[in-house]
Amino acid sequence: RPLADRTGLAVICTPYELGSDHSALAEEVAGLFEGAMVAGAARYGWAIDRMPRLAMGHSLGAKLQVLLRCTDEGAQNSVAGVALLAFNNFGVEDQVRLLRETLKTFQGGAGMGGPLGGAAADKFWDTFLEPALGRAAKMSGLQFKPSPEELLDLVEDDYCKGLKTRLFRFDNDSLDCGEELLAALIMRGVRGADSLQMKGGHLTPVVVSLADVTEAASSRASGPAGQMADRLGERFSGAAGGAKLGSEDELKDLVDAMVEFVASAR
C-alpha cells in the first residue's frame with residue numbers, strides 16, 4: 001500500500017499455484033494480469049492501451065517476470081521497467097533453504113535463540129537437515145522447467161534488450177541468484193540492467209501481523225480448522241496481536257528504493 005500511495009500506481013497482484021513448470025506458471029500469470037487490466041478498464045475507465053506498465057516480482061515471482069520478458073515480443077513497448085526482488089533460480093534440491101529462511105523469520109531473525117534458532121540449530125541445518133532434504137528432493141526426480149541453466153541461456157538469447165531492469169538484492173539472503181542473472185543480462189546487452197544491494201533477507205518484502213494471519217485463516221476455514229483459527233485470533237487479539245513477522249524498517253527502506261526506481265522508469 002505505501003508504494004501505491006507514494007507513486008500513484010495501480011497495483012495488480014496475480015496469484016498462482018506452485019508447480020514445477022515455471023514457464024506454464026508465467027503464461028498463467030500473464031493471462032490473469034491481462035484479464036485484470038480488462039476488468040480495470042471496465043470498472044475504472046483505464047485506457048489500457050496507453051497505460052505504462054512496470055513488472056515486479058519477488059523470489060519465484062521474479063523468475064516468472066524474467067520468463068515473460070523473454071517470451072513476450074511486445075514487452076519492450078508495453079513494459080517501462082522490471083523490478084526483481086530477491087530473484088531465485090535454484091533447483092528443487094536447493095529450495096529447502098527457503099524453509100530455513102521462513103523459520104528464521106518466524107523466530108524473529110537470525111541470531112535469536114530458541115528451538116528454531118541459535119548456533120546449535122544452525123549447525124544441525126548445515127551438517128544434517130539441509131543436505132538430507134536436498135538429497136531427498138534430488139532423488140525424487142522432480143525438476144523445475146526451465147532448469148537454472150536453461151533460464152540463464154534463455155535470458156542471454158531472448159531477454160528484451162531495451163528494458164530497464166533492476167535487481168533488488170539483500171545482504172542476508174542465502175537464496176539470491178541475482179549475480180548470475182545480472183551477468184546473463186549484461187551478456188545479452190541489456191543496457192538498463194543494474195543491481196541494488198540492501199539490508200535484509202529473502203523475506204524482507206514480507207511483513208505481516210499475527211492478528212492479520214489468524215483473521216485471514218478464520219475467514220477462509222470452516223469446521224474444526226475454523227474454530228481453531230478463531231481461538232488463535234482471540235489469543236492474539238490483545239497485545240500479542242500487534243506482533244509482526246518481518247522488519248518494518250527494512251520494508252520501509254525497500255519501499256523508498258522502489259519509489260526511486262518507479263520515478264526513474266517513467
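Is F261 buried or exposed at its computed relative accessibility? In this predicted model, F261 has a relative accessibility of 0% and therefore counts as buried, the cut-off for that class being under 20%. The residue belongs to helix α11, and its surroundings are best described starting from the sheet that this helix crosses.

The sheet is open and consists of 4 strands in the order β1-β2-β3-β4, with parallel pairing. Strands β1 and β4 form its edges, each pairing on one side only. Direction ignored, neighbouring strands are turned against each other by 15 degrees on average. Between β1 and β2, the parallel pairing extends over 6 bridges, and M56 stands opposite A83 of β2. Strands β2 and β3 also run parallel and are joined by 5 bridges. Here A83 recurs, standing opposite R166 in β3. R166 in turn stands opposite D194 in β4. The parallel strands β3 (residues 164-170) and β4 (residues 193-198) are connected by 6 bridges. Between these two strands the chain passes through helix α8 (residues 178-188), and the resulting β-α-β crossover is right-handed. A further bridge partnership between β3 and β4 involves F168, whose partner in β4 is L196.

Strand β3 is mostly covered, with 6 of its 7 residues buried. F168, which lies in this strand, has a relative accessible area of 0% and is buried. Two helices can be placed against the sheet by their axes. Helix α3 lies across β1 and β2 and runs at about 140 degrees to β1. Helix α11 (residues 248-265) lies across β1, β2, β3 and β4, and its direction makes an angle of about 170 degrees with β3.

The count of aromatic pairs in the model comes to 2. One of them is formed by F168 and F261, with an edge-to-face arrangement, a centre-to-centre distance of 6.1 Å and an angle of 90 degrees between the planes. Because F168 is located in strand β3 and F261 in helix α11, the pair ties together parts that are 93 residues apart in sequence. Both partners are buried, F168 with a relative accessible area of 0% and F261 with a relative accessibility of 0%.

Attention then turns to the nonpolar cores. The largest nonpolar core comprises 30 residues, among which V66, V155, Y159, L181 and L185 touch the most other members. Two or more residues are contributed by each of α2 (22-44), α3, β2 (79-85), α7 (148-158) and α8. The greatest contribution comes from α3, which gives 7 residues. A second core, separate from this one, has 13 residues, including L3, L85, M258 and F261. The contacts of L181 illustrate the packing around one residue of the largest core: apart from neighbours within four places in sequence, L181 is in contact with V66, L84, F87, L152, V155 and L167. Of these contacts, V66 and V155 are also named with L181 among the residues that touch the most other core members.

A further site is centred on S59, in the loop between β1 (53-58) and α3 (60-71). With a relative accessible area of 11%, S59 falls under the 20% limit and is therefore buried. When neighbours within four places in sequence are left aside, the contacts of S59 are L85, A86, F87, N88 and H202. F87 is thus in contact with S59 and also with L181, while L85 is in contact with S59 and is a member of the second core.

Elsewhere, E28 is found in helix α2, an element that gives two or more residues to the largest core. In contrast to S59, which is buried, E28 has a relative accessibility of 38% and counts as partly exposed. The C-alpha atom of E28 is separated by 9.1 Å from that of T14, which is 14 residues away along the chain.

Note on methods
Residues are numbered from 1 along each chain as its sequence is written. This is a predicted model: local features need pLDDT of at least 70, side-chain atom pairs count only at pLDDT 80 or more; totals for chains, interfaces and linings use all residues. Side-chain values use heavy atoms; hydrogens and water are left out. Buried means under 20% relative accessible area, exposed over 50%, partly exposed in between (1.4 Å probe, protein chains only). Contact means heavy atoms within 4.5 Å. Two strands pair if DSSP finds at least two bridges between them. A crossover is right-handed if, with the strands pointing away from the viewer, the path from the first strand over the helix to the second runs clockwise. A nonpolar core is a set of buried Ala, Val, Leu, Ile, Met, Phe, Trp, Tyr and Cys residues joined through side-chain atoms within 4.5 Å. Axes are lines fitted to C-alpha atoms, for helices over the stretch in contact, and angles run from 0 to 180 degrees between N-to-C directions. Rings of Phe, Tyr and Trp (its six-membered ring) pair if their centres lie within 6.5 Å; planes under 30 degrees apart count as stacked, over 60 as edge-to-face and the rest as tilted.
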